[in-house]
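Reader: Could you walk me through this structure, starting with the overall picture and then going into the contacts?

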Amino acid sequence: MWLSNHLAQHLRWSIRLYRKLFYREGGYTLAVVISTLTSQIATLFAFFLPLKVIILIGSPTVPDYFPGFLAQFERSQQVMWLGGGAIVSFLIHQLADYIGKYCAEQGAERVLSRTQKLPLFSGQDALARKAYQRLASNVAAYVFLLLTLLLYLLIYPRFFAVVVGFLMAAYGLLLFATQLSNGLRSYLTTQTATLITLLGGVGFFIAFSFMAYDYLSTGSIGMVAAVISLLMSRQFFQRLTALVKESVALEQQRSQINALFLHNHHFEQPSQQKSFVKALLNPATQHQEIQQIVTLLLNEQPLEGQKPALPSLKSIQWQQTGLPDVLAFHVVLTQSHPYKLWSLRLHIFHSRHHTLAVHENDLLLQSEHLPTLRLHSIAHYGDYHVHAFQVETLRRVTPAQLKHHHAWLHARNWHQTPSEELVDRYQRTHPQLPERLQRLLPGALEGAANSAEQHAELGRFMQQWPAIHRMLTQLPLVIINKDATNADLVFSISEDPQPESYRIALWGRWVLEPIGSYYAVDEASLSQLPSLLSAAARQHHALQGLEPQKIEAAAWLHIFEARLQKQKFRSALELLPTILACMESINTKANNAA
């Protein structure tokens with residue numbers, strides 16, 4: 001069964017690590033286990049003794065169930081002894097925690113040094129210390145849970161039966177549910193902490209309810225045993241919950257831990273795409289998977305002219321996107337009597353690309369003048385987002401053609417007027433070019449300037465910065481697709497690939513920036529700028545009357561900001577003369593117009 005197999009695999013892996021830690025660094029590992037157990041027991045007394053003090057203060061006499069050795073002390077002395085014991089227990093808890101962390105650090109460092117490996121990834125020392133402490137703490141948790149159950153068995157067998165019965169029932173329920181439903185299996189995988197916390201709370205409530213009922217109805221247990229059982233049950237379920245959460249955290253870092261602690265293991269980046277890619281690209285399963293996706297899409301939105309019966313899947317062709325875990329397929333569907341043929345392009349996003357899928361979805365549902373494919377339908381296939389586009393002809397644009405017409409394709413996005421809602425949502429979420437530059441300036445440029453000329457140019461730029469910032473904030477906002485230069489994602493929808501037929505297939509990585517951002521500044525692109533601006537202004541009325549020089553200045557400022565973000569300060573300083581010349585041209589034209 002799925003759950004049993006996963007638990008068995010984790011236990012085998014954990015035992016292997018425990019053997020390694022106890023064999024290599026048994027002293028430090030044992031010290032962490034003992035200190036963790038001491039901390040847990042001290043915590044129990046730190047909660048238990050104040051409760052005794054409250055009972056003692058609230059009673060006119062010393063209760064009969066108090067330990068006999070306290071009878072030799074006066075009432076006030078008993079309160080002081082119990083209160084002092086609570087304080088000492090708390091201090092022991094803190095000291096044991098400190099000793100445990102120190103021993104975990106030392107043990108992890110010694111294990112790493114024994115493996116004699118080169119540094120594997122950033123932050124590996126912190127991860128090793130945390131993993132070592134988790135592993136040792138888990139051993140302590142197992143010991144604590146077993147000792148607690150043994151204590152129940154000795155002082156309160158009926159309570160022991162209830163706790164063990166609940167654990168067996170909960171495990172059986174999870175075993176049955178995960179075997180029955182893939183959805184519950186997925187929920188258990190992704191929401192383990194939430195589910196285990198809930199079960200731990202339910203378990204404590206059942207144990208408490210039974211103890212209260214048993215004490216009030218049969219009186220088969222004394223007050224002290226009842227209180228101890230209650231406090232221990234709380235600790236028991238808390239430690240059990242923590243044990244499961246820590247085990248899940250260790251399992252998620254399995255490849256890193258193996259590489260750090262096990263001598264013959266190499267480090268491999270954990271991949272989420274194996275099953276995702278394997279199922280959709282494996283010839284044995286591809287047709288079935290794509291058929292299920294197409295059925296889901298067509299049930300949501302039938303094709304034009306489609307009969308009630310679903311069309312047949314004629315062919316499937318994978319297409320490269322250049323983005324990991326974003327798969328694209330060109331599928332051909334056919335129908336007989338009357339004969340019809342349809343072509344769909346499918347975009348299938350892995351769950352880790354949820355944001356990318358939502359971005360594409362949000363934009364395509366309100367695009368009118370963007371160079372996009374015709375969206376047919378959107379669906380969810382398990383954890384995957386699926387977008388389907390209906391296409392008749394789809395020819396790949398060559399890199400040479402794309403390079404030649406890149407300026408035209410980029411400016412084609414200017415035709416779309418972003419809605420007020422889209423602008424408002426985007427600006428609430430993302431800083432734009434003026435805000436990003438505001439945060440970066442002057443920054444390290446003053447220290448990076450190596451000559452008097454550069455210092456003078458930077459000074460002039462900073463003097464004009466208020467006017468530059470004002471110009472950028474006043475420029476119309478346009479939608480820009482960062483994948484417009486990716487030849488894998490640009491197609492022509494006609495047999496004769498002319499620029500007017502170019503379409504960008506993927507729209508998950510769009511941004512909303514002042515016009516000119518991301519525009520190429522080579523001579524050919526700048527020479528086309530006036531005509532491209534004039535064409536865009538016919539649909540995007542905010543562009544009417546806009547000076548091409550301001551768009552060119554924004555393009556240079558965007559490159560300037562990109563170099564600052566990459567800490568290429570010398571390259572950024574080299575752009576200042578060009579930016580200042582653009583601003584001078586804009587100011588001169590404004591003065592002449594006035």
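Author: What follows goes from the whole chain to salt bridges, cysteines, one helix and a surface patch.

Author: This is a predicted model, in which local features need pLDDT of at least 70 and side-chain atom pairs count only at pLDDT 80 or more, while totals for chains, interfaces and linings use all residues. Residues are numbered from 1 along each chain as its sequence is written, and side-chain values use heavy atoms, with hydrogens and water left out.

Reader: How many helices and strands are there in the protein chain?

Author: The protein chain has 20 helices and 10 strands, taken as DSSP runs (H or I of at least four residues for helices, E of at least two for strands) and numbered from the N terminus.

Reader: And what share of the residues counts as buried?

Author: Of its 594 residues, 44% are buried, where buried means under 20% relative accessible area, exposed means over 50% and partly exposed lies in between, with a 1.4 Å probe and protein chains only. Among contacts (heavy atoms within 4.5 Å) between residues at least 6 apart in sequence, 73% join residues at least 24 apart.

Reader: Moving on, how many salt bridges does a search of the whole structure find?

Author: The search finds nine, counting a side-chain nitrogen of Lys or Arg within 4 Å of a carboxyl oxygen of Asp or Glu. One of them pairs Asp-214 with Arg-158, whose closest N and O atoms are 3.1 Å apart. That pair links distant parts of the chain, since Asp-214 is in helix H6 (residues 192-217) and Arg-158 is in helix H4 (residues 157-180), 56 residues apart.

Reader: Is Asp-214 buried or exposed?

Author: Asp-214 is buried, at a relative accessible area of 0%, whereas Arg-158 is partly exposed at 42%.

Reader: Which residue forms a salt bridge with Asp-325?

Author: The partner of Asp-325 is Arg-352, and their closest N and O atoms are 2.7 Å apart. Both residues are in loops, Asp-325 between strand E1 (312-319) and strand E2 (326-335), and Arg-352 between strand E3 (340-349) and helix H11 (354-364), 27 residues apart. Asp-325 counts as buried because its relative accessibility is 4%, while Arg-352 is partly exposed at 43%.

Reader: What about Asp-362, which residue does that one bridge to?

Author: Asp-362 bridges to Arg-425, the closest N and O atoms being 3.1 Å apart. Asp-362 lies in helix H11 and Arg-425 in helix H14 (residues 420-429), so the pair ties together parts that are 63 residues apart in sequence.

Reader: Changing topic, how many disulfides does the structure hold?

Author: It holds zero disulfides, a disulfide being a pair of cysteine sulfur atoms within 2.5 Å. Cys-103 is buried, with a relative accessible area of 9%, and Cys-582 also counts as buried, at 9% relative accessibility.

Reader: Which residues of helix H15 are buried?

Author: In helix H15 (residues 433-440), the buried residues are Leu-433, Pro-434, Arg-436 and Leu-437. They sit on the same side of H15, because they cover an arc of only 165° around the axis, judged from the directions from the helix axis to the C-beta atoms. Their cover includes helix H17 (452-474), strand E10 (510-514) and helix H19 (548-565). Arg-436 is also linked with Glu-513 and Glu-561 in a network of salt bridges.

Reader: Last one, where is Ile-155 found?

Author: Ile-155 is in helix H3 (residues 124-155), and it counts as partly exposed because its relative accessibility is 36%.
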